[in-house]
Amino acid sequence: MMNRRNLLKTSLFTAGAWVTCQNTSYAKTYLTSEQARKLIFPGKSFKKVQVTLTKAQMKAIKSASRVRVHHSNLNAYKAADGSWFIIDQVYGKHEFIDFAIGIEPSGKVKAIEVLTYRESYGHQVRHPKWRAQLVGKTVTDPVKVDKDVKNISGATLSAVHLADGTRRLLNTWQLVLSSHK
Amino acid sequence: MGQVSRCQPLLGTYVDVSLAGNLSEPELHQLCHRAYARVREVERLMSFHDPDSELSIVNKSAVGEEIIVSPQTYKVLEFSQKLHAQSDGLFDPCIASQLVGKRLLPSPKRFTLRPRGSIADLELDAGRLTVKKHQKLWIDLGGIAKGFAVDQAFDFLTSQNCLDHVSVNAGGDMRMTPYSDQQIYLRPHLAARFNGGDVGMLREACATSTVGGTHQQATSFVVDPLKNQCISKSAMVSVFAHSAMQADAFTKICLLVAGEQQINTLMNLYDATYLTHD
């Protein structure tokens, strides 16, 4: 059993790691949700729709998509012709990625746009240049082309989580939204 | 001056397009839209995963059968073949068999035998844009097509002659103009004991490849076509070249090559340069 001193040490370490992650998170905001909606569905008006998935629906979506459904509330908008625009999140390399998906009345994906990409480097805290470029940045900061946050190269990033998130939302459309009145 | 930045999931990664120029935001977004269409076209033509892609049609074709391909696919296959000869066989996109064996690529249906032909066994006819296999072979353009897709988007954007800044970055394979005063950040690779850091762009395009991995960095594979097996060392290399297709392909050769002399000769041929972290 963990004694009090070890518990304190662990707590401090956890808190430190959290602060470290906060300091070394890279966040690039590409579009606001409004900009993404206008780009995916130009000239089309949408209404916010309150969609709360039941436990049975969440289970059915998980079963159909093979992806866990974390949230019962959807951030969803519907157009008069049956198009849907949904804002969601997936877990990226280390952090959440916000994205928008447009689904046509037929259930086909019209487009996917990343709204905010985040990546954190917990072990990069000692790199002063890396930290310097992140100081004062928030996810709402406007993007400045290559003067704000640098381009990153490295092992190719996999977008598999975003593909999973898309499959989850397409199954959500199939099982819940397509029959929404 | 307007500027926009977009990011879409394509080619199995995140493709970032950033533009600045004396245009309105809607006009810049329209250019982004058309640039992404070019990336999607490369994905559609050259996907190993898609059984209906042009590449899959070539892979499934019989020995001796002539297949007409698009100018894009032809260009990538032609450059692959040229590089295969220039690298003494170290660059070869016909390593799909090994990747299927490692379950990194899906096994094409109806095929049980894994062919071991090389890209040299492909006959190319530039006049008619046809390809013909002289041996059974499976081509995977995963080591070069991402760079080519970046070039396709980049060339379209720069041909508009109205942009002051263009940057296309497909998950680390990137090309930008102007590049001379630009810095990029190389993501850490723990297996290669590289802590990450800033480097200046040395050419218009850059690509990075890694092999080996740890719990924080997914294991990546590079197949040695001469030994017919995955290389086992941990390493990371970044290549700076005049096109993203060259940079992308050269990283694979840099990871495989034994002596510096051979790689330097090749790099000099293309006025490219590289950084290794191992």
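**Exercise 1. Work out how much of the contact map of chain B links distant parts of the sequence, then sketch the chain's make-up.**

Start with the contacts. Among those in chain B with a separation of 6 or more, 64% are between residues 24 or more positions apart. Keep in mind that you're looking at a predicted model. Next, count the elements: chain B holds seven helices and 14 strands. Finally, check burial: of its 278 residues, 58% are buried.

**Exercise 2. Do the same for chain A, and read off the order of its elements.**

Contacts come up again as step one. In chain A, residues 24 or more positions apart make 63% of the contacts with a separation of 6 or more. Step two is the count, which gives five helices and seven strands. Step three is to walk along the sequence, where the pattern runs α-β-α-β-α-β-β-β-β-α-β-α. Last comes burial: 46% of the 181 residues of chain A count as buried.

**Exercise 3. Decide which parts of chain A deserve caution.**

Begin with the overall picture. Chain A has a mean pLDDT of 76, with 68% of its residues at 70 or more. Now look for the extremes. Strand 3 (residues 73-79) of chain A has the highest confidence, at 97, while helix 1 (residues 4-23) of chain A has the lowest, at a mean of 41.

Then find the weak stretches. Over residues 1-23 of chain A, pLDDT stays under 50, and the model gives this stretch seven contacts beyond four places in sequence. Residues 122-148 of chain A also stay under 50, but here the model has 58 such contacts.

**Exercise 4. Describe the second largest pocket and who lines it.**

First, the space: the second largest pocket holds about 420 Å³. Its lining has 21 residues, and closest to the centre sit His70(A), Asp88(A), Gln89(A), Val90(A) and Arg168(A). Now sort the lining by type, and you get eight nonpolar, eight polar and five charged residues. As for where they come from, strand 3, strand 4 (84-91) and helix 5 (160-175) of chain A each give at least two residues to the lining.

**Exercise 5. Take a closer look at helix 5 of chain A: what is its span, and which of its residues are buried?**

Go for length first. Helix 5 of chain A has 16 residues and spans 22 Å from first C-alpha to last, close to the 22 Å expected at 1.5 Å a residue. Then list the buried residues: Leu162(A), Gly165(A), Thr166(A), Arg168(A), Leu169(A), Asn171(A), Thr172(A) and Trp173(A). Arg168(A) ties back to the previous exercise, being one of the residues closest to the pocket's centre.

How values were computed
Residues numbered from 1 in each chain as written. Chains lettered and ligands numbered in written order. Predicted model: local features only at pLDDT ≥ 70, side-chain atom pairs only at ≥ 80, totals over all residues. Heavy atoms only, no water. pLDDT = per-residue confidence, 0-100. Helix = DSSP H or I, 4+ residues; strand = E, 2+ residues; numbered from the N terminus. Contact = heavy atoms within 4.5 Å. 1 Å grid on protein atoms, 1.4 Å probe; cavity = no way out; pocket = protein on both sides within 12 Å on 5 of 7 lines; lining within 4 Å. Points joined across faces, edges and corners; volume = space filled by probe spheres on them. Nonpolar A, V, L, I, M, F, W, Y, C, P; charged D, E, K, R; others polar. Expected span 1.5 Å × (residues − 1). Buried < 20%, exposed > 50% of the residue type's maximum accessible area, 1.4 Å probe, protein only.
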